[in-house]
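Please open the structure in your viewer and keep the selection tool handy. We will walk through it one selection at a time.

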Amino acid sequence: MVRRRLAAAGALVAAAALVLSGCANQGGGGAAQTSQAPAPAQPNNAALPAGNGQGKCAPGTSIAYVGTLAGQNAALGQAIANATELAVNQHNQANPGCQVTLVKADSGGTPDTAVGPTQAVINNPAVLGIVGLPFSGESKAVGPSLNAAGLVNITPSATNPGLTGNGWTNFFRGLGNDAVQGPAAAKWMKTKFNPQSICVIKDDSDYGIGLANAVTQALGPQVAACQGNVKTNQKEFSATVGQVQQANPQAIFYAGYYTEAAPLVQQLRDAGVQAPFVGPDGVKDEQFVVNAAGSANGAYLTCPCVPQEGFTAFTQAYQQAYGVAPQTYSAEAYDSATILLSGIDKGANSRPALLNYVKTYNGQGLTKKFQWQPNGELSETPVYVYRVDGDKIVTDSPIS
Amino acid sequence: MFLDRFWANTINGLSYGSIYALVALGYTLVYGVLQLINFAHSEIFVIGVFGVYFTFLALGFVPGATPNIPIGGIIADLVLAGAVGMILAGVAAVLLERVAYRPLRRRNAPRLAFLITAIGASFVIQQIFRIFRGSNPEGTIRLLQPDPVFRIFGAPVTNLQIIIILASFAMFFAADGFVNRTRLGRGVRAVAQDPATATLMGVNRERVIMITFLLGGLLAGAAALFYLMTIPQGAVFNGGFLLGIKAFAAAVLGGIGNLRGALLGGLILGIVENYGQSLFGGDWRDVVAFVLLVGVLMFRPTGILGESLGKARV
């Protein structure tokens, strides 16, 4: 409770700062600055990759990013890979005694392509820990072999609730799962739209199905009577659009990824459906806005990720290194990498040692406090709503 | 639900089925002449899609909301982009034949070798696009906003659908006329019917094969324009995969090797899969399409209209 209030106070301060800086920037241009919700500032005690600069480790020590780099929904993976790389670079710069190598393995983003690259990482004895895998389906596919290898695995973005129910001792989730996000999204939609009916549309991924179930349950069968299904890589949605037109809902919730969400929302708008479009973290990417052209405007996106604009040191370093602002889950990936790196700095020089370090970890990161329950879920899991405003994704409000 | 949406589904199916049909023509033409299933045809289609997309870029359009330009300008731009897409796809199809299939034919390779080469060529072209353009779809550029023009039993018919259906039929009749009424077309039919005799009668077999690939590529390029107009997010490296399989299924459904069969198969497939998803839900779309294919093949193994490019009377 105390923590909550502190966070709220911090958020207020950040908001004030944002409003002030907004005004300052506005002076000349006269561009209408739409209201932005408060984004939390960097906590004072947040662990950073640099550590205390006294880290010692054997040459060649590595951590790995395993996840999509060029495959399906690659933009989500690149945001995570970049942030991981940034953390490793900052760590190495600050710690001359401990130069950690980052191994990047492209999982392709799907369950069937992820197994080979993951096995290659397992077979590399220098790799002590993994940031990834980003998606739920692939995480499920490679989970057993990672668990057997005792290779600690912090996912910064896979949110399917079932992943922590497999008894894996090496799997840690760096954010809230869909059993948190789904009900939070449902609760928010209920207060926001006061709906008689909401269409819940899902894709055929583990992620989409799990999230849609959570949302449907929380909304109740009456409200979520309109259920639609689409397929991965589908691009023509006339049947789904027809279904939505007939149900005439107060809102549409899409459980899936941006690749399908962009054409879907465009075809909905073309057909004259004006109901608000609500998507989850898998849709929260610039690619959604770009690919839906004007049609994404006004869409709401829920995400168990924390707004990053307040973490100025991080966002500036990221911007400088990659030429773009950090994307969804960049900060979570940065935090995950920081935890692994701090363990290595503190002498965890083997897979079991690093695994044990993460298991008992308790510390503040940029995004939240990291302390895991025995099943690998975090104790503290904030969810936020974002909004597409023109061609930008802006923070709308936290769901409390 | 099904009855309410019947006419909307029919119109959507006709318009999307026209795209299937245009791509299916490419499969059918090559099969008719070479008995080769050109699995790389879906990538020829993707080359057309990127050709159209890059023409949009070159014309100064940028990804974002649909711009407001006069109708004459839109038509000119679309025709130009379509022409570029057709030419690129046509040239690519001919090159593919030169590089991948002709050397095999010279060495009298078994039919299986052609098939594997076709699959290999398909992956190569796909991955080249992935390496150069990444796996995210290209930013959306749309010139023409779909607007209902009139209604059939309450179902809106958009300007986009009218253009696609009319233009596809025009393309089809042009191709059909070319194969059935011109001297070159007669050569194509002769080679399809009996390559050895046709060669003895003075038909240049290599030239006929080239023309066949060119024609298939041109039609795929036209399909690419209509596809990108319908699905502006379609310019992506693997965008041809599912559509290619559907178009191939359409060609088999109508009777592979038969031009009119490809048209009929494409339209039926487009309409039936729309009925299917309306009846059973969105994830049944492909199931319905392929159950239909299997069902038809059980009773008519040669497809609805039979294999007949080679027959003197089509």
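The tour goes from a sheet to the helices on it, and then to the contact between two chains. Keep in mind along the way that this is a predicted model.

Start with chain A and colour its strands S7-S6-S8-S9-S10-S13-S14: in that order, these 7 strands form an open sheet with mixed pairing. Now pick out S7 (227–229) and S14 (392–399) of chain A, which stand at the edges; each has a single partner strand, so one side of each is left without a neighbour in the sheet. From one strand to the next, the twist averages 25°.

Next, select residues 300–303 and 383–389 of chain A, which are strands S10 and S13; they run antiparallel and are joined by 4 bridges. To see one pairing, zoom in on A:Thr302, whose bridge partner in S13 is A:Val385.

Now add the helices. H8 of chain A (residues 258–270) packs on the sheet and touches S6, S8 and S9 (277–279), with its direction at about 170° to that of S9. H7 of chain A (residues 238–247) lies across S6 (198–202), S7 and S8 (251–255), running at about 165° to S6.

Finally, show chain B as well. The contact involves 29 residues of chain A and 30 of chain B, and the area buried between them is about 2400 Å², 47% of it from carbon and sulfur atoms. Of the 2 salt bridges found across this interface, one to display is B:Arg142 with A:Asp270, where the closest N and O atoms are 2.5 Å apart. On chain B, highlight H1 (6–34), H10 (259–280) and H11 (285–299): each supplies at least two residues of the side that touches chain A. Coloured by class, that side shows 9 nonpolar, 13 polar and 8 charged residues.

How values were computed
Residues are numbered from 1 along each chain as its sequence is written. Chains are lettered from A and ligands numbered from 1 in the order in which they are written. This is a predicted model: local features need pLDDT of at least 70, side-chain atom pairs count only at pLDDT 80 or more; totals for chains, interfaces and linings use all residues. Side-chain values use heavy atoms; hydrogens and water are left out. Two strands pair if DSSP finds at least two bridges between them. Axes are lines fitted to C-alpha atoms, for helices over the stretch in contact, and angles run from 0 to 180 degrees between N-to-C directions. Contact means heavy atoms within 4.5 Å. Buried area is the accessible area (1.4 Å probe) that two parts lose on being put together, summed over both. A salt bridge is a side-chain nitrogen of Lys or Arg within 4 Å of a carboxyl oxygen of Asp or Glu. Ala, Val, Leu, Ile, Met, Phe, Trp, Tyr, Cys and Pro count as nonpolar, Asp, Glu, Lys and Arg as charged, and the others, Gly among them, as polar.
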